[in-house]
Amino acid sequence: MSDIGAATTYSGGCQCGRVRYNVTVDLGKPVMSCNCSMCGRSGTLLTFVPKEQFTLLSGEDALTDYQFNKHVIHHVFCATCGIKSFARGKGAGGVEMVAVNARCLDGVDLDLLAVTKTDGRSK
Ligand SMILES: [Zn+2]
């Protein structure tokens with residue numbers, strides 16, 4: 001269950017269950033709501049972790065990769081149900097990061113999360 005304000009390991013994944021992962025994250029820090037052409041349409045609430053804190057348990061073969069703009073982020077989605085439960089790419093300094101969609105985490109009360117709005121559309 002969610003323990004807002006401490007690094008906690010959550011399980012999550014897509015809707016149909018092919019894609020499953022564990023991620024360790026502190027959901028006390030705000031999640032990102034972005035208005036860019038991708039996030040604005042899909043409504044993701046993103047939290048970012050180094051890839052060491054993310055373990056894909058199943059579904060690597062179910063993922064379809066999609067890239068746009070600068071092609072630095074892999075916007076992967078489940079080929080069966082279409083849900084984008086996470087994305088991956090390199091952050092500043094070339095560190096490999098995972099952007100997890102907090103909406104896809106099990107047992108998280110989204111109403112308890114602080115949301116930071118990011119103006120990705122203008123960038
Ligand atoms: Zn799926």
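**Notes on a predicted zinc-bound model**

1. Let me start with a residue beside the metal ligands in the contact list: Ile83 has a relative accessible area of 30%, so it counts as partly exposed. Bear in mind throughout that this is a predicted model. Ile83 sits in the loop between β8 and β9. Setting aside neighbours within four places in sequence, its contacts are Cys14, Gln15, Phe77, Cys78 and Cys104. Should you want a distance to check, the C-alpha atoms of Ile83 and His71 are 20 Å apart, with the two positions 12 residues apart in sequence.

2. Two of those contacts of Ile83, Cys14 and Cys78, lead on to the metal. Which residues hold the zinc ion? The SG atoms of Cys14, Cys16, Cys78 and Cys81 coordinate the zinc ion, at 2.3 to 2.4 Å. The angles among the four donor atoms run from 103 to 116 degrees, and the site is tetrahedral.

3. Along the chain, the donor residues follow the spacing C-x1-C-x61-C-x2-C. Take Cys16 and Cys81 as a pair: they are 65 residues apart and link distant parts of the chain. Cys16 belongs to the loop between β1 (7–13) and β2 (20–26), and Cys81 to the loop between β8 (77–78) and β9 (86–90). Are these two donors buried or partly exposed? Cys16 has 35% relative accessibility and therefore counts as partly exposed; Cys81, at 24%, is likewise partly exposed.

4. On disulfides, the count comes to zero. For Cys39, the nearest cysteine sulfur is that of Cys36, 3.7 Å away, and Cys39 is in no disulfide. Since a disulfide needs sulfur atoms within 2.5 Å, the cut-off is worth having in mind here. Cys39 is buried, with 9% relative accessible area.

5. Why does Cys104 form no bond to another cysteine? Its closest cysteine sulfur is in Cys14, and that lies 8.1 Å away, which is too far for a bond. Cys104 is buried, at a relative accessible area of 11%. Cys104 is also one of the contacts of Ile83, and Cys14 is one of the zinc donors, so you can look at these residues together while you have the site on screen.

6. Finally, a look at Asn101, in strand β10 (residues 96–101). Is Asn101 buried or exposed? Its relative accessible area is 5%, so Asn101 is buried. Apart from neighbours within four places in sequence, Asn101 is in contact with Tyr21, Thr44, Leu45, Leu46, Lys84, Ser85 and Phe86.

Notes:
Residues are numbered from 1 along each chain as its sequence is written. This is a predicted model: local features need pLDDT of at least 70, side-chain atom pairs count only at pLDDT 80 or more; totals for chains, interfaces and linings use all residues. Side-chain values use heavy atoms; hydrogens and water are left out. Donors are N, O and S atoms within 2.8 Å of the metal (3.2 Å for Na, K and Ca); water is not among the atoms, so sites may look incomplete. Four donors count as tetrahedral if all angles lie between 85 and 135 degrees; four count as square planar and six as octahedral if opposite donors are over 155 degrees apart and all others between 65 and 115; anything else is irregular. Helices (H or I, at least four residues) and strands (E, at least two) are DSSP runs, numbered from the N terminus. Buried means under 20% relative accessible area, exposed over 50%, partly exposed in between (1.4 Å probe, protein chains only). Contact means heavy atoms within 4.5 Å.
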